[in-house]
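Thank you all for coming. I would like to take a few minutes to walk through one model with you, so please have a look at it first.

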Amino acid sequence: MDYPRCRREGLPCASSRVESVCKNVVGARMKRGDMRWTVQGVNAILALRCSIKSGQLDGYFDRIRKAVARELRAFATHPVDSAIPA
């Protein structure tokens with residue numbers, strides 16, 4: 001955010017309202033009864049929801065595909081120890 005420009009133009013530039021809404025909405029969604037989340041899981045769900053709401057779902061899945069492909073390539077170049085029975 002360009003805070004100096006917002007101040008010069010008399011525009012509101014505090015993010016506290018947005019942060020509060022995000023905290024309440026995310027908190028309400030993620031803290032339902034008997035739910036347990038890891039930080040990684042919460043981040044993945046939030047990224048997915050943001051992608052859906054912003055109309056960028058295709059880009060989200062492209063990033064996921066590339067990440068999985070990188071992991072598979074890394075696994076292929078470092079095979080599991082041969083001492084583990086098949």
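I will go from the overall fold to the salt bridges, then to the surface patches, and end with the cysteines.

Before anything else, please keep in mind that this is a predicted model, and that the values I quote are computed from it. The protein chain contains 4 helices and 0 strands, and if you read along the sequence you find the pattern α-α-α-α. Of the 86 residues in the protein chain, buried ones make up 8%. As for the accessible surface, the total for the protein chain is about 7800 Å², and carbon and sulfur atoms account for 59% of that area.

Let me turn to the charged pairs. How many salt bridges does the structure hold? There are 3 of them, and as a general point, side chains of opposite charge can pair when their charged atoms come close. Beginning at the start of the numbering, R5 is joined to D2 by a salt bridge in which the closest N and O atoms lie 3.8 Å apart, and R5 also takes part in a salt bridge with E9, where the closest N and O atoms are 3.1 Å apart. Taken together, D2, R5 and E9 are therefore linked in a network of salt bridges. With regard to accessibility, R5 is partly exposed at a relative accessible area of 32%, D2 is partly exposed at 39%, and E9 is partly exposed as well, with a value of 49%.

The other pair I want to show you is D62 with R65, a salt bridge whose closest N and O atoms are 2.7 Å apart. How are these two residues placed in helix 4? They are 3 residues apart there, which means that about one helical turn separates D62 from R65. D62 is partly exposed, at 39% relative accessibility, whereas R65, at 53%, counts as exposed.

Now to the surface patches. I52, L57, F61, I64, V68 and L72 make a nonpolar surface patch of about 490 Å². Which helix gives the largest share of this patch? That is helix 4, spanning residues 57-77, which contributes 5 residues. One of the patch members, L72, has its place in helix 4, and L72 counts as exposed because its relative accessibility is 55%.

There is also a positive surface patch, and R29, R32, R49 and K53 form it. Within this group, R49 is found in helix 3, which covers residues 39-53, and with a relative accessible area of 34% R49 is partly exposed.

Finally, a word on the cysteines. C50 belongs to helix 3. Is C50 buried or exposed? At 51% relative accessibility, C50 counts as exposed, while C6, at 5%, counts as buried. The structure holds 0 disulfides. One further distance may be useful when you look at C50 on the screen: C50 and Y60 are 10 residues apart along the chain, and their C-alpha atoms are separated by 9.4 Å.

To draw this together, we have a predicted model with 4 helices in the protein chain, a salt-bridge network of D2, R5 and E9, a nonpolar patch with its largest share from helix 4, and a positive patch that includes R49. Thank you, and I am happy to go back to any of these places.

Note on methods:
Residues numbered from 1 in each chain as written. Predicted model: local features only at pLDDT ≥ 70, side-chain atom pairs only at ≥ 80, totals over all residues. Heavy atoms only, no water. Patch = residues over 30% accessible without salt bridge, like charges linked within 9 Å, V, L, I, M, F, W, Y side chains within 5 Å. Areas by Shrake-Rupley, 256 points an atom, 1.4 Å probe, with all protein chains shown as cover. Salt bridge = Lys/Arg side-chain N within 4 Å of Asp/Glu carboxyl O. Lys, Arg positive; Asp, Glu negative; His and termini not counted. Charge placed at Lys NZ, Arg CZ, Asp CG, Glu CD. Buried < 20%, exposed > 50% of the residue type's maximum accessible area, 1.4 Å probe, protein only. Disulfide = S-S within 2.5 Å.
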